[in-house]
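Colleague: Before we discuss this entry, may I ask you to place the structure in front of us?
Modeller: Certainly; here it is.

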Amino acid sequence: MKKNILFIVFILTFFIGFTFDWPVTDGFLMPIHSYFAQKQGDNFVHSIIFSHKTDVFASDKGRILLKDSENYSDNGWFDSPLGNSIVLGHKNDLLTIYGNLDEVLIDDNTKDVDITQKIATSGYTGWYENVASFAFQIADIKNKTLINPLVLMKERQQPQGVTIKNVVAVNKKGSVFDLATQKYLSTGTYYLYREATSMPFKTQVSVNGAAVEIISYDLLRQIEDKLCVEGKKNYSCQQIYSKDNLQFLAEVVLSRGKNTILVTTYDILGNQNLSRYFVEVK
Amino acid sequence: MKMKKKIISFISFGLLFIFIYICVATFPLKEEFQLTPKWTVDLFSSLSNLQKDSSNVFQLISDDLLSDEKFQKKEINQESNLIPYKLAQNLGYFTPDGKIISYQTFPFKASVSKSYFTIYANDSHSHKIYNNLGKLHCIIDASGFPFLQEDRFYVFSPGGAGISSFDNDGKLNWKYESYVPIVSFQSSKNACVVGFADGNLLHYAKNDKKPTSVYFGGSQYQIILGADVSELGDLVACVCGVDNQRFIVTRITDGQSKVLYHEYLSDSLTERTFVQFAKNSHSDDVVVFYQHSQGLGVFSLNKMKTYNIGIKGKILSVAYTPQNNSVFVLSKLQKDLYSIGLINNRYEYIGSQTFNANNAFLHIQDNELYIGKDQSISRFDLQIK
């Protein structure tokens, strides 16, 4: 618990100092196709991905480090998975990354861009071609982390609401129990999952009043050769989304007797949603 | 209209040949250097000579190959002289004597190497790898964008920051996920290098599961804009950093990196940048070609020196032939304007010729130079007399 409080204090201190403008007009109203740390293929989404085509603006004053707007694969170059893209360097070792662009509007002589300068139009050039558009990332080089861009925006988006549906407990043998209907379980270790229909900012699981896991989706940290979200442990994408359409909540040890499992999800504004489950453990 | 296009295509190749020939002929060479045009083929007109292969509705194969026993078995021939091409949304293979043996269009993206090709959708979760005769070789189960080099298979993850390596059967060798996008990548027989937007350069030696990670520093912003690795896998060259951009050659062995050479460049490029070790070099010297803001840099490891050549435009490909150490450079000047430059003895710039095209490629094999341009491919032979 103390570790979590310290972590939250650190995050707040860090984030209060750095805010970015939305890279799209009225971004707080713009529909989002994919949220940070959702599942994308076999990986976490590294960005927020907007649904519609839009003009793209620099979210802060910065140095142009990369503008990639051509395809040279005829000559053996690899296709950029980000599609056409721009990378800007900012103070305090932060990078902003603009992917899935259509036209890059920065000419070869431009070295720096100002905040809110129009730098591109978004397109459908990357993974979500014809489905979603502009992808926006913020990376912290010093701490080797990706930061959920929604945390650093000056104006917050209205949250979509995070529902808690179909919470299941999976035992070590892989048997799945629906906690809404299952009233009896055997003692042992279980992995709890929720249906990954909406993306929370944080999830928490308590058993009999004691918090056993808090997983935060504000950062993705590089741990060796994997990106991980932080909870009691570091969890890779394969661990969080190990089961189809399910999102990992916690590993819990259920002991004999009556157990109350409380699942809480938080949105970006701290609004919480609760679900309580009662199981008799024999 | 089609005929007119063909005529324009043939005339432009003719002019290109005349230019290169004049350049070569007038330059005071110790030995006489000859460039002989062998053939030009039009991809679309070749289609009338092709038939659909019944086992793969997309693949079109030359009539005369259909009766070939090896082809019927669709046995891949690694030593075969099939040359891959990819021009806009078309790919396939042709022979050195000018036969287009396969032609395939693709709606989204594709990757083709000498031995294999794959065509993939924008959101593919698995990838069918075909050999150069169109037979299904293996399936790679991984989300992302596959990239084939020779017989080596890689998949870039969606989001741009991860890469996986697969063996020849499509089984995962290793996977690396970063928090920043991959900007540069190259592989050779014995290693591969991955350059990231935070200045991290990864080196995977063949059969290694864990990479060597190197940060060079020395610039205001660290980013690996271009990188290549030598055939032996121990030497890595890169263009890195913005604001005090550098060209660096380093040796990486046993997890340790030792910088052999570095040079600050006069200005910073901010795009993916060409870096390539000279291939097929018969000399003892190690030569690296790289782009900088003033043109092409040619680095000699023996001399520990770089030579700068004022090639204009975005350098896309460098074709090196040991014959007289000649180097052909394909660069893109504008959206539909390309240039081919000729360098002799590695460092002596002879001249260049521009031509209009939406897509172009340059390929060299032995002493045969192949130039692809929109819908046609031409071969020129190089000789020293």
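**Strand pairing and cysteines**

Modeller: In this predicted model, E22(A) and E23(A) form a hairpin with five residues between them, and Gly270(A) in the turn has a positive phi of about 90°.

Colleague: How many bridges does E22(A) make with strand E23 of chain A?
Modeller: Strand E23 covers residues 272-281 of chain A, and its pairing with E22(A) is antiparallel. Within this pairing, Val263(A) has Ser275(A) in E23(A) as its bridge partner. The number of bridges between E22(A) and E23(A) is ten.

Colleague: Which residue of E22(A) is the bridge partner of Lys202(A)?
Modeller: E22(A) is also joined to strand E17 (residues 202-207) of chain A, by six bridges, and the two run antiparallel. The partner of Lys202(A) in E22(A) is Tyr266(A).

Colleague: Why is strand E22 of chain A described as largely enclosed by the rest of the structure?
Modeller: The strand spans residues 257-266 of chain A. A residue counts as buried under 20% relative accessible area. Strand E22 is largely enclosed because the buried residues among its ten number seven.

Colleague: Turning to chain B, which strands stand at the edges of the sheet E27-E28-E29-E30?
Modeller: The four strands form an open sheet in that order, with antiparallel pairing. Each edge strand has a single partner strand, so one side of each is left without a neighbour in the sheet; the two are E27 (314-321) and E30 (348-356) of chain B.

Colleague: What does the twist average from one strand to the next in that sheet?
Modeller: The sheet in question is the open one of four strands in chain B. From one strand to the next, its twist averages 20°.

Colleague: Which residue of E28(B) stands opposite Val318(B)?
Modeller: E27(B) and strand E28 (residues 326-334) of chain B run antiparallel and are joined by seven bridges. Opposite Val318(B), in E28(B), stands Val329(B).

Colleague: How many disulfides does the structure hold over all chains?
Modeller: A disulfide requires two cysteine sulfur atoms within 2.5 Å. For Cys237(A), the nearest cysteine sulfur is that of Cys228(A), 9.9 Å away. The sulfur of Cys240(B) is 4.0 Å from the closest cysteine sulfur, in Cys238(B), which is too far for a bond. Over all chains, the number of disulfides is zero.

Colleague: Is Cys240(B) buried or exposed, and what is its relative accessible area?
Modeller: The cut-off for a buried residue is under 20% relative accessible area. Cys237(A) is buried, at 2%. Cys240(B) is likewise buried, and its relative accessible area is 3%.

Note on methods:
Residues numbered from 1 in each chain as written. Chains lettered and ligands numbered in written order. Predicted model: local features only at pLDDT ≥ 70, side-chain atom pairs only at ≥ 80, totals over all residues. Heavy atoms only, no water. Buried < 20%, exposed > 50% of the residue type's maximum accessible area, 1.4 Å probe, protein only. Pairing = 2+ DSSP bridges. Axes fitted to C-alpha atoms, helices over the stretch in contact; angles between N-to-C directions.
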